[in-house]
Amino acid sequence: MSATTNSLVDKKKVRRFALPGSLAAVAVLGSAMAFHGMGGVHAGAVTAAALDDQSVSSLSALDQDMERLAARVTPAVVNVAVTSRGGEEEEDDNNDGQAQQQIDPSQIPPQLRQFFGLGGGRGQGRMQPQQQPLRHGVGSGVIISSDGYIITNNHVVEGATQIKVTLHDRRVLNGKVLGTDKLTDIAVIKVDAHDLPAISWGDSGKLQPGQTVLAFGSPFGVLQFSVTRGIVSAVNRSPMSGDARTPGGLIQTDAAVNPGNSGGPLVNAHGELVGINQMIATNSGSFAGASFAIPSSTAKAIADQIIKTGAVHHGYLGIAMNDVTPENAQFFNLTDALGAIVSQVTPGSPAANAGMKNGDVITSINGKPVENGSALQVNVAQMTPGTKIDLGINRSGQHQSVNVTLGEYNKDKEVAANDGDSNGKQGNSGKLGVAMSDLTPDIRQQMNIPASVNGAAVAQVRPGSPAEDAGLQPGDVIMEVNRKPTTSADQVASNIKAAPNGKNVLLLVWSNGGASYRVVTPNAG
C-alpha cells in the first residue's frame, strides 16, 4: 500500500531501551572472557591500529561533499504547519484512514437535537449546524524564488484555513495558498518576505538509477530540517493512487522519507531540485525503503502556471491506454515493446474528433518517441488546452500521422488514462474459465454498461482460472478477441475456442468505466 507523507501531529512517546542489570553483567563478563584465555591476554586481541587521515581520505572527502551539499540546500527548506477543518471525505492519519461520519442536523428530530449538542429544543430557537473539528497537519516545502514562493504538495495544504511557514532561521511567517493542482498533487504557497534563499531547478529527465539524491523535510512533523541520503531506485514509475488519470513519471528512491516529509525537496548531487517528495510504499505507515517524488519537469510546469495565473489548465486527449509489452506486441504487428496502445476513445473527445481508434499504437508525439503510456500521459497533461500536437501511430502495421488539438481536462474527463497492465443467452469458455451473457437491456441497466459498449458481459469467473489471473470479474465486458470485435456471448466463446492451443489470447475488456487490453493464456482444450 502507499501513503502520503504529511503528518497530523500528536505527542510522541519515546521509549528508551536498556539492558537489565543481570544481563548487563553477563554482557560485560562475556566481553572479558573474549579477551582472556586460560593463560592471560592473547597477543592477537590487541586493538587495531588507528586509522590515519590518508587511509580514510576518500570517506572524509565524501562526507565533506555531503556536508557542503546539505548546507547549501537546507536554508531553502521550510516547515509547513496547517490548520484545517475536516470534511466528510477527508481521512485522518490517527484513525486508520477511516473517514469519520458527520451528523446531518437536518435529519435529527427537534426533540432529539439536544442530545447531539445542537440545541433547537423547546424554547431554544433555530438549530445551528455542527461545526467541523479543527485538524492540524504538518508537511514540508521548498523556496523556489527569493520573493517568497514556496512549492509543496496539494495534500499538505488542502482545505487549509491557516498556514504557518517556519524558515530555517526560525522565523515563522503566515502563508497563503496561491494555487493548487489536485491532479499532480502540487501546490504553491506565498509568504510576504524578500531575499529568501531559493533553490535552483534541476532536470529530472537526466536522472538515472544509481545516482545519489538527498531528501529534505520534517519527518513526523517535529524533526525539522532533516536530510537523508539515498540513490535513484527507478524513474518513470506509475502512480500508486489507483487513479488512471494521475500523471506518472514518478522518481523512486531509497532516501528515507516519512510522514511530514511531504512537499520537501529531492535534490541531485549539484543541490538542484529534481523532485518533490510525495509518498511512500509501506505496510506500516513509515519508511520501508521505497519513496516516490514528483519529477521537477512536472512540478516546475505546474508551479509556473500557478504563479502566472493562479490556476492550472491541463491538456486533454480523451483516450485510455495500455503500455506495449513483449506479451501484447505480437498482436499489433510490433517488433519493439515501445509505445502506448489506445484501448478506448472517449466519444466527442479531441482524439475521437481526430479519427483515433481502439488498437492504434502511439509511437511518437511531435516527432519524439513515446516510450510508454505513462510518458505520453505526463507530456499531454503538461500541455495547455488548444495546443496542436502531431501523433505518430501504427494502425494495423501501417504508420500514420494524426493531428490533434488538445481540449481541457476536468475531473470528469481523462487526460490520457494509462491502465498499465442472468438473463439473456449464455456463453462460456472452458479455456478462460468464464461464463458470459449477451448484453440485453436488463443486463446493461443492472451493470450500468453504456450503450456505446458492445460485446458480452462476464457473468461468472472460476476461481484460479486464466480469466481470474487476468483480472476479469463479473460485470466486465469482453469487447474484442484477438483484435476482432464481438457482439454476443456465443461469438466470444467461439473466438476463444478457435484460438490455437498454447497460444495467448488478446482481449479488449471494458471494466469500471474504461477499456484495456488483457493478454490471457487459456487452458488447453
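# Loops, core and helices of a predicted model

Colleague: In the loop between which strands is Lys431 found?

Modeller: Lys431 belongs to the loop between β26 (426-429) and β27 (434-438), where helices (H or I, at least four residues) and strands (E, at least two) are DSSP runs numbered from the N terminus. This is a predicted model, in which local features need pLDDT of at least 70, side-chain atom pairs count only at pLDDT 80 or more, and totals for chains, interfaces and linings use all residues. Residues are numbered from 1 along each chain as its sequence is written, and side-chain values use heavy atoms, with hydrogens and water left out. The strands asked for are therefore, by these DSSP runs, β26 and β27.

Colleague: Does Lys431 count as buried or exposed?

Modeller: The class follows from relative accessible area: buried is under 20%, exposed is over 50%, and partly exposed lies in between (1.4 Å probe, protein chains only). Since its relative accessibility is 7%, Lys431 counts as buried.

Colleague: How many Å apart in space are Lys431 and Pro466?

Modeller: Along the sequence, Lys431 and Pro466 are 35 residues apart. In space, C-alpha to C-alpha, the two are separated by 7.7 Å.

Colleague: Which residues of the largest nonpolar core touch the most other members?

Modeller: A nonpolar core is a set of buried Ala, Val, Leu, Ile, Met, Phe, Trp, Tyr and Cys residues joined through side-chain atoms within 4.5 Å. The largest such core has 29 residues. Those touching the most other members are Val142, Ile144, Ile151, Ile199 and Ile276.

Colleague: Which elements each supply at least two residues of this core?

Modeller: Both helices and strands contribute at this level. The helices are α2 (57-73) and α4 (296-309). The strands are β6 (134-145), β7 (149-152), β10 (186-191), β11 (212-217), β15 (273-281) and β16 (291-295).

Colleague: With which residues is Ile151 in contact, leaving aside neighbours within four places in sequence?

Modeller: Contact means heavy atoms within 4.5 Å. On that basis, Ile151 is in contact with Gly141, Val142, Ile144, Ile186, Ala187, Trp201, Gly263, Ile276, Ala299 and Ala303.

Colleague: Which residues of α2 are buried, and where do they lie around the axis?

Modeller: The buried residues of α2 are Met66, Leu69, Ala70 and Val73. They cover an arc of only 95 degrees around the axis, the arc being that of the directions from the helix axis to the C-beta atoms. On the other side of α2, the exposed residues are Glu67, Arg68, Ala71 and Arg72. The narrow arc puts Met66, Leu69, Ala70 and Val73 on the same side of α2.

Colleague: How many Å apart are the end C-alpha atoms of α2?

Modeller: The expected span of a helix is 1.5 Å times one less than its number of residues. With 17 residues, α2 should therefore span 24 Å. The distance between its end C-alpha atoms agrees, at 24 Å.

Colleague: Why is the pair of Phe332 and Tyr517 edge-to-face?

Modeller: The structure holds one aromatic pair, and rings of Phe, Tyr and Trp (its six-membered ring) pair if their centres lie within 6.5 Å, with planes under 30 degrees apart counting as stacked, over 60 as edge-to-face and the rest as tilted. The ring centres of Phe332 and Tyr517 are 5.2 Å apart. Phe332 is buried at 2% relative accessible area, and Tyr517 is buried at 5%. The pair is edge-to-face because its planes stand at 85 degrees.

Colleague: Over the face of which residue does Lys190 lie?

Modeller: A charge sits over a ring if NZ of Lys or CZ of Arg is within 6 Å of the ring centre and within 35 degrees of the ring normal. Lys190 is 5.2 Å from the ring centre, and the residue beneath is Tyr149.

Colleague: What is the phi of Arg170?

Modeller: Arg170 is placed in the loop between β8 (160-166) and β9 (172-181). Its relative accessibility of 57% makes Arg170 exposed. Although Arg170 is not a glycine, its phi is positive, at about 75 degrees.

Colleague: With which residues is Val402 in contact, leaving aside neighbours within four places in sequence?

Modeller: Val402 is placed in strand β23 (residues 398-405) and counts as buried at 6% relative accessibility. Ile389 is 13 residues from Val402 in sequence and 8.3 Å from it in space, C-alpha to C-alpha. The contacts of Val402 are Ala354, Met356, Ile389, Asp390, Leu391 and Ile393.
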